[in-house]
Amino acid sequence: MTAPDFTLPDQTGQPRSLQDYAGQWLIIYFYPKDDTPGCTQEACDFRDSLGELRAAGLQVVGVSRDNQKSHAKFAEKYQLPFPLLTDESTAMMQAYGAWGPKTFMGRKFDGITRMTVLVNPQGEIVKTYPKVNPHGHVAQILSDFKALSS
């Protein structure tokens, strides 16, 4: 499946698009909210593994509905050295299937599903991780990537 195109601002206000990563492997991870326990765990795992990810040829982009100011605070607090994109309209999340019905404490609502996609250098989604558990997620991506790229 071809990855849907996007252009969204990152935590510094710089517009980022899928085309910026043409010819590269890209991890796009969707997460519910800046500076919450699971989202912080996931972001810090990507941060801590970034050297290994980049050495393997993988770029990382996080996406949530939080605004630029929230992303900037989150990135600064945890020294996150990769783009966090703001999708306040949810258009990108919807295009990638990361937005939809959820239930929390018996209440139903639409929201972000914690999921990740792996996009190959040709711009195709080659692996989707639905309903991600932040613990061990990066190791799973690296393992799958090695199998896909060998």
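Which residue stands opposite Val 117 in strand 8? Ile 28 does, and that pairing is a good place to begin a tour of this model. The structure is predicted, so local features need pLDDT of at least 70 and side-chain atom pairs count only at pLDDT 80 or more, while totals for chains, interfaces and linings use all residues. Residues are numbered from 1 along each chain as its sequence is written, and side-chain values use heavy atoms, with hydrogens and water left out.

**Strand 8 and its neighbours**

Helices (H or I, at least four residues) and strands (E, at least two) are DSSP runs, numbered from the N terminus. Two strands pair if DSSP finds at least two bridges between them. Here are the two pairings of strand 8, which spans residues 115–119.

| Partner of strand 8 | Bridges | Direction |
|---|---|---|
| Strand 3 (residues 25–30) | Five bridges | Antiparallel |
| Strand 9 (residues 125–129) | Four bridges | Antiparallel |

On the strand 9 side, Val 119 has Ile 125 as its bridge partner. Strands 8 and 9 make a hairpin with five residues between them, and in that turn Gly 123 has a positive phi of about 85°.

Strand 8 is mostly covered, with five of its five residues buried (buried means under 20% relative accessible area, exposed over 50%, partly exposed in between, using a 1.4 Å probe and protein chains only). Met 115, Val 117 and Val 119 lie on one side, Thr 116 and Leu 118 on the other, and both faces are covered.

**Two nonpolar cores**

A nonpolar core is a set of buried Ala, Val, Leu, Ile, Met, Phe, Trp, Tyr and Cys residues joined through side-chain atoms within 4.5 Å. The largest has 25 residues, and Phe 46 and Leu 53 touch the most other members. Among the elements that each supply at least two residues of this core are strand 3, helix 1 (37–48) and helix 5 (137–149). Apart from it lies another core, of 20 residues, including Met 115 and Val 119.

Contact means heavy atoms within 4.5 Å. Leaving aside residues up to four places away in sequence, Phe 46 touches Ile 27, Tyr 29, Leu 53, Val 60, Phe 82, His 137, Val 138 and Ile 141.

**The cysteines**

What about disulfides? The structure holds zero of them, a disulfide being a pair of cysteine sulfur atoms within 2.5 Å. For Cys 39, the nearest cysteine sulfur is that of Cys 44, 11 Å away. Cys 39 is buried, with a relative accessible area of 1%, and Cys 44 is buried too, at 12%.
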